[in-house]
Amino acid sequence: PQRPSYNREGGDRPYRPRFNNGEGGDRPQRPSYNREGGDRPYRPRFNNGEGGGYRSNNGGGGYRPRYNNDRQGGYRPRPRTGDYDPNAKYSVKKQIEYKEQFVDPNEPIRLNKFLANAGVCSRREADEFITAGVVSVNGEVVTELGTKIKRSDVVKFHDEPVSIERKVYVLLNKPKDTVTTSDDPQERRTVMDLVKGACNERIYPVGRLDRNTTGVLLLTNDGDLASKLTHPKFLKKKIYHVHLDKNLTKADMEQIAAGIQLEDGEIHADAISYTDDFKKDQVGIEIHSGKNRIVRRIFESLGYKVVKLDRVFFAGLTKKGLRRGDWRYLSEAEVNYLRMGSFE
């Protein structure tokens with residue numbers, strides 16, 4: 001069928017009003033708002049350098065925190081002089097305190113959680129101490145698991161009073177030849193020696209890195225969070241930069257991705273790739289398993305030796321801006337995201 005044609009002088013074309021913007025026609029006006037006022041609805045702005053929130057990813061896949069957004073181009077380290085002190089800006093006065101808000105002091109709390117929140121140990125370790133009879137509440141030894149107390153109760157651990165202290169979260173870029181422990185009988189350098197001036201509270205490492213494995217390591221006195229980050233149930237993402245003694249073949253890379261049988265079960269990488277198009281002896285591997293020496297054992301099972309191992313990512317935390325051996329406090333946003341389990 002033919003589309004009807006209308007001539008400009010007449011015809012049966014239906015009426016369509018025309019508006020002349022310059023001569024005050026009847027066209028409805030779109031409301032305009034000036035920058036100083038008006039009734040324009042509020043639209044939040046993100047990442048504008050003024051402490052704004054987080055912008056949603058285009059794909060709608062949750063939130064992605066953006067740090068150092070007050071400078072264009074991301075992080076730009078300042079020039080460092082010979083007398084540079086990485087810990088100078090972290091004076092006691094400037095430390096960020098993370099307090100429990102809106103907590104009813106009379107609300108019951110499990111004894112193991114109380115001990116964990118006090119920085120004594122993790123929840124699982126607290127259960128062992130409770131059953132061993134070294135914890136007392138208001139003068140009475142408690143050995144029953146699941147016991148609930150009030151925050152005002154007098155709790156003692158090995159006859160020493162315990163109280164919930166402020167939480168401290170320290171991120172260390174661990175160097176090699178350093179032991180991840182609170183105390184070493186062989187008197188080797190420990191990660192605690194590197195963060196000695198961070199706080200008065202007793203903090204301890206979350207998880208473990210081998211003596212010569214470098215990279216991201218979190219230390220805290222928040223036993224509850226430490227338990228969440230290390231418990232097999234939660235399996236937080238870790239990314240390692242691996243240097244091998246020889247080139248990794250494509251076949252072996254595919255085998256690692258598909259799954260390898262080790263003495264304690266099958267393990268596979270969530271992602272693995274070469275870090276350089278020309279250097280086939282360096283790879284990046286993403287893994288969720290927390291098994292002991294898991295990355296080294298994966299490559300050793302295929303006949304490779306790990307020459308250097310660097311953890312560049314742990315549960316959303318990176319070592320960006322931290323020189324080897326330096327540390328910093330977590331930002332409040334980072335702590336909140338860890339507590340909410342928002343990081344992988």
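This report describes strand pairing, a pocket, the nonpolar cores and some backbone angles in a predicted model.

**Strand 15 and its partners**

Strand 15 covers residues 306-314 and pairs with strand 9, strand 10 and strand 16, as listed below.

| Partner of strand 15 | Sense | Bridges | Example pair |
|---|---|---|---|
| Strand 9 (residues 213-220) | parallel | 3 bridges | Thr213 and Leu309 |
| Strand 10 (residues 238-244) | antiparallel | 7 bridges | Tyr240 and Arg311 |
| Strand 16 (residues 317-318) | antiparallel | 2 bridges | Phe314 and Leu317 |

Strand 15 and strand 16 make up a hairpin, with 2 residues between the two strands. Ala315 sits in that turn and has a positive phi of about 50 degrees.

**Nonpolar cores**

Strand 10 and strand 15 also take part in the largest nonpolar core, each supplying at least two residues. That core has 22 residues, and those with the most contacts inside it are Val242, Ile256, Ile285, Ile298 and Phe299. At least two residues each also come from helix 5 (250-258), strand 11 (260-262), strand 14 (282-287) and helix 6. Helix 6 gives the largest share of this core, 4 residues.

Which residues does Val242 touch, leaving out those up to four places away in sequence? The list consists of Asp281, Gln282, Val283, Ile285, Val295, Phe299, Val306, Lys308 and Leu309. Two of these names, Ile285 and Phe299, also appear among the residues with the most contacts inside the core. Leu309 is the residue that partners Thr213 in the pairing of strand 9 with strand 15.

Apart from the largest nonpolar core lies another core, of 16 residues. Leu171, Ala226, Leu317 and Leu330 are among its members. Leu317 is also the residue of strand 16 that stands opposite Phe314.

**Helix 4 and the second largest pocket**

Ala226 belongs to helix 4 and is buried there. Helix 4 (223-230) is mostly covered, with 6 of its 8 residues buried. The buried ones are Gly223, Asp224, Leu225, Ala226, Ser227 and Leu229.

Helix 4 also contributes to the second largest pocket, which has a volume of about 970 Å³. The lining of this pocket has 40 residues, and Pro205, Val206, Gly207, Arg208 and Thr230 lie nearest its centre. Which element gives the most to this lining? Helix 4 does, with 4 residues. Helix 2 (123-131), strand 8 (204-205), strand 10, helix 6 (294-300) and strand 15 also supply at least two residues each. By residue class, the lining divides into 16 nonpolar, 13 polar and 11 charged residues. Strand 10, helix 6 and strand 15 therefore appear both in this lining and among the elements of the largest nonpolar core, where elements are runs assigned by DSSP.

**Positive phi in loops**

Most residues other than glycine have a negative phi. Glu187 and Arg293 have positive values. For Glu187, phi is near 60 degrees. Glu187 is found in the loop between strand 7 (169-174) and helix 3 (191-194), and is exposed, with a relative accessible area of 73%.

Arg293 has a phi of about 50 degrees. Its loop runs between strand 14 and helix 6. Is Arg293 exposed or partly exposed? At 34% relative accessibility, Arg293 counts as partly exposed, because that class lies between the limits of 20% and 50%.

Definitions and conventions
Residues numbered from 1 in each chain as written. Predicted model: local features only at pLDDT ≥ 70, side-chain atom pairs only at ≥ 80, totals over all residues. Heavy atoms only, no water. Pairing = 2+ DSSP bridges. 1 Å grid on protein atoms, 1.4 Å probe; cavity = no way out; pocket = protein on both sides within 12 Å on 5 of 7 lines; lining within 4 Å. Points joined across faces, edges and corners; volume = space filled by probe spheres on them. Nonpolar A, V, L, I, M, F, W, Y, C, P; charged D, E, K, R; others polar. Core = buried A, V, L, I, M, F, W, Y, C linked by side-chain atoms within 4.5 Å. Buried < 20%, exposed > 50% of the residue type's maximum accessible area, 1.4 Å probe, protein only. Contact = heavy atoms within 4.5 Å.
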